[in-house]
Amino acid sequence: MSAQTRPASSQSSSKLHQFKLVLLGESAVGKSSLVIRFVKDQFDDYRESTIGAAFLTQTISLDDNTTIKFEIWDTAGQERYKSLAPMYYRNANCAVVVYDITQPASLDKAKSWIKELQRQADPNIIIALAGNKSDLVSRRAIATEDAQAYADEAGLLFFETSAKTAENIHELFTALAKKLPLEQMTASRNRNGMNQRQGGVDLTQNNNDPNGCAC
């Protein structure tokens, strides 16, 4: 069965694992549009800038027995909010760093975020680089090959996406879900008798916490 998003009501037979995901990138690269397309399958041509961070959730079913719940922190890209970023990527299991394929400076900013994550976030964090606005072909300023080469060198997942057309949005988050260490989480939990943040939270094994947050 291919990975797919589905409502919580259909997850009763699946083992549900929860992971913290953070979105980073320069202002106006389309982080919020990208995540809204993933969570709600909606797109607005105009969206106000995020203030601080926005919180959303979405699930992906990898197979009949495994469902991933992403707790998503969509951070503001403005420089004045940069000092808040560590509060959101701390203990994150995965990150999507977004740039705009029509704005070369946005890729430089994305590389800066990636270096910061590699230096200060959890060493096991899974990072994806997303070149957004792939629908703006006539305005492209960053070659796919150049971004792919950088991603390969840095050990990142890489997708070009379009929040407007939904191109590669589902594929991006599915690829992240498939890279998450489910086996490591289960082994750690069995060994220590508790949920491990860096391996995610197994919600099917912990019904006492109404929030179940790995933030």
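In this predicted model, Glu160 and Arg140 form a salt bridge in which the closest N and O atoms lie 2.8 Å apart. The contact links distant parts of the chain: Glu160 belongs to strand β6 (residues 157-160), Arg140 to the loop between β5 and α4, and 20 residues separate the two in sequence. The partners differ in their exposure class, because Glu160 has a relative accessible area of 11% and is buried, whereas Arg140, at 32%, counts as partly exposed.

The burial of Glu160 fits the setting of its strand. Both faces of β6 are covered, with Leu157 and Phe159 buried on one side and Phe158 and Glu160 buried on the other. In a regular strand, side chains alternate between the two faces of the sheet. Strand β6 pairs with β5 in the parallel sense, over 4 bridges, and within this pairing Leu129 stands opposite Phe158 of β6. Together with α4, these two strands make a right-handed β-α-β unit.

The loop that holds Arg140, between β5 and α4, also carries a partner of another salt bridge. Lys133 forms a salt bridge with Asp100, the closest N and O atoms being 3.1 Å apart. Lys133 lies in the loop between β5 (126-132) and α4 (144-154), while Asp100 sits in strand β4 (residues 94-100), so this pair ties together parts that are 33 residues apart in sequence. Here the basic residue, Lys133, is partly exposed at 23% relative accessibility, and the acidic residue, Asp100, is buried at 4%. The loop between β5 and α4 thus takes part in a link to β6 through Arg140 and in a link to β4 through Lys133.

A further salt bridge joins the side chains of Arg37 and Asp41, with an N to O distance of 3.0 Å. In this pair the basic residue is the buried one: Arg37 has 15% relative accessibility, which falls under the 20% limit for burial. Asp41, by contrast, is exposed, because its relative accessible area of 53% is over the 50% limit.

The count of salt bridges comes to 3. The pair of Glu160 and Arg140 joins strand β6 to the loop before α4, the pair of Lys133 and Asp100 joins that loop to strand β4, and the remaining pair is formed by Arg37 and Asp41. The buried partners are Glu160, Asp100 and Arg37.

Methods. Residues are numbered from 1 along each chain as its sequence is written. This is a predicted model: local features need pLDDT of at least 70, side-chain atom pairs count only at pLDDT 80 or more; totals for chains, interfaces and linings use all residues. Side-chain values use heavy atoms; hydrogens and water are left out. A salt bridge is a side-chain nitrogen of Lys or Arg within 4 Å of a carboxyl oxygen of Asp or Glu. Buried means under 20% relative accessible area, exposed over 50%, partly exposed in between (1.4 Å probe, protein chains only). Two strands pair if DSSP finds at least two bridges between them. A crossover is right-handed if, with the strands pointing away from the viewer, the path from the first strand over the helix to the second runs clockwise.
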